[in-house]
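Here is a quick tour for anyone meeting this structure for the first time. Have a look at the picture, and then we'll go through a few spots together.

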Amino acid sequence: MTGRISLKLLSCVLAVGVAGCASFYEIPIETPIAAKLDVSSFQRVFIAGFIAGGTDDVDGNLETVRLLRSQLRMKSNLRVVDADVLPLVDVASGRGPEGQAAGPGAEPAQTPGTVEIRNEKDLQPYEHIFADADYWKRIGEEYQNPLIVTGTVLFTPHSQSGMVQRETEVIDRLGRRYIEPVREYMERKGFILQEKFIFIDGRSGAQIHSESLREERLYNQNDNTPALSSYFELMDEIIPRFLSTLSTQRVRGSRVLIK
Amino acid sequence: MPMRLLSVVVLLTAFAGSAYADARADAKAQVEFGISVAQRGLWKEAIYRWERATQIDPTYAAGFNNLAVAYEHEGMLDKAAEAYERALKLEPNNTLVRQNFELFKEIHDRTNQSQTP
């Protein structure tokens, strides 16, 4: 009995000692990430539209424009131009109202509404539009020389099979529950979102910066996650990186200070 | 004669040892003060203290680690990387420093993931 009490006392003394001599401290920090682009000369930003493809389940052009505009309204000092989304595929293929601006390389390959962009290769015939400074300068003049954001969006279905580790609840002979990691073969499906953001100076029509971002997410085959939900999940990862191009972002975390 | 030489060596060693101990104690005092001000959000003061600590004792890994954290908080990412590397050079097996550095690199890499034409 005396032995047990002295053991408890000893452990208490040890615990107090350890607490008193703590040699490290966890501290919350906020790391500011400086904007990659100096946008101080712009008062407005125009998310013009994107050349989008991959799946028919999500309109990558409209959804991306809508989401970026709403995020910029909340998290940027630039005034967001609220205008119709440019039909860039039509413009680039010379069919749209600005079709003449698309340059001699553009060929009207398909009729409107039947354009099929499934992969990166399919995007290539339209990408010349981003280098057409005259076209973007005209757009810039129309919207009071904003910073123009355009680019490509590819949202493609993806499936993968292989060994996956997941946690499963196990009950032992005594009825106790515990979690155990289990490796198993699984077929999974999901989506890949590839976005290329191109930043154009509306005063000159020249490209000033571009960023290529890629995210993918896989789900269990039985999950039946809708394409639109997956698109928003992936955009959640991409948006902070997009915003960090235009404005200083603060990344929250914690670090350990040592004595 | 050899006895006199030996006693001089012993004295010098003892003096150097106590000088090192003094430097470490001074640096430690600066580090502790830096921690207390950082906990109150006074990061610039903390940077001053930890810079002093690393000047007083350039072998004190904790000083460099804390300095790296403060630089990170102030957005001085290049200086933070340098300070983390100094701390790890001094104590390569310090898991706390390593963990801080890994978290730092994650942010750093993420911000550098983009491509520019």
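Start with B:Glu72, which reaches across to A:Arg255 and forms a salt bridge, with the closest N and O atoms 2.5 Å apart. Keep in mind that this is a predicted model. Across the interface of chain B and chain A, the rule finds just that one salt bridge. As for polar contacts, the count between the two chains is four residue pairs, both residues being at pLDDT 80 or more.

Which helices of chain B supply the side that touches chain A? Helices H1 (2-39), H2 (43-56), H3 (61-73), H4 (77-90) and H5 (95-111) of chain B each put in at least two residues. H5(B) gives the largest share, eight residues. Sort the residues on this side of chain B by type and you get 16 nonpolar, 12 polar and four charged.

Now the whole interface: 32 residues of chain B are in contact with 24 residues of chain A. Together the two chains bury about 2400 Å², and 66% of that is on carbon and sulfur atoms.

Over all chains, the structure holds 20 salt bridges. Here are two of them:

| Salt bridge | Closest N and O atoms |
|---|---|
| B:Glu72 and A:Arg255 | 2.5 Å |
| A:Glu63 and A:Arg66 | 2.6 Å |

The second pair sits within helix H2 (residues 60-75) of chain A; A:Glu63 and A:Arg66 are three residues apart there, so about one helical turn separates them. An α-helix has 3.6 residues a turn, so residues three or four places apart point the same way.

One more helix to visit: H6 (residues 227-246) of chain A. With 20 residues at 1.5 Å each, H6(A) should span 28 Å, and its end C-alpha atoms are indeed 28 Å apart. H6(A) also bends by about 35° at A:Glu237, with a proline, A:Pro240, following within four residues.

Technical notes:
Residues numbered from 1 in each chain as written. Chains lettered and ligands numbered in written order. Predicted model: local features only at pLDDT ≥ 70, side-chain atom pairs only at ≥ 80, totals over all residues. Heavy atoms only, no water. Contact = heavy atoms within 4.5 Å. Buried area = accessible area lost by both parts, 1.4 Å probe. Salt bridge = Lys/Arg side-chain N within 4 Å of Asp/Glu carboxyl O. Polar contact = N/O pair within 3.5 Å; in protein donor to acceptor, adjacent residues only side chain to side chain. Nonpolar A, V, L, I, M, F, W, Y, C, P; charged D, E, K, R; others polar. Expected span 1.5 Å × (residues − 1). Bend = angle between axes of the 7 residues up to and from the residue.
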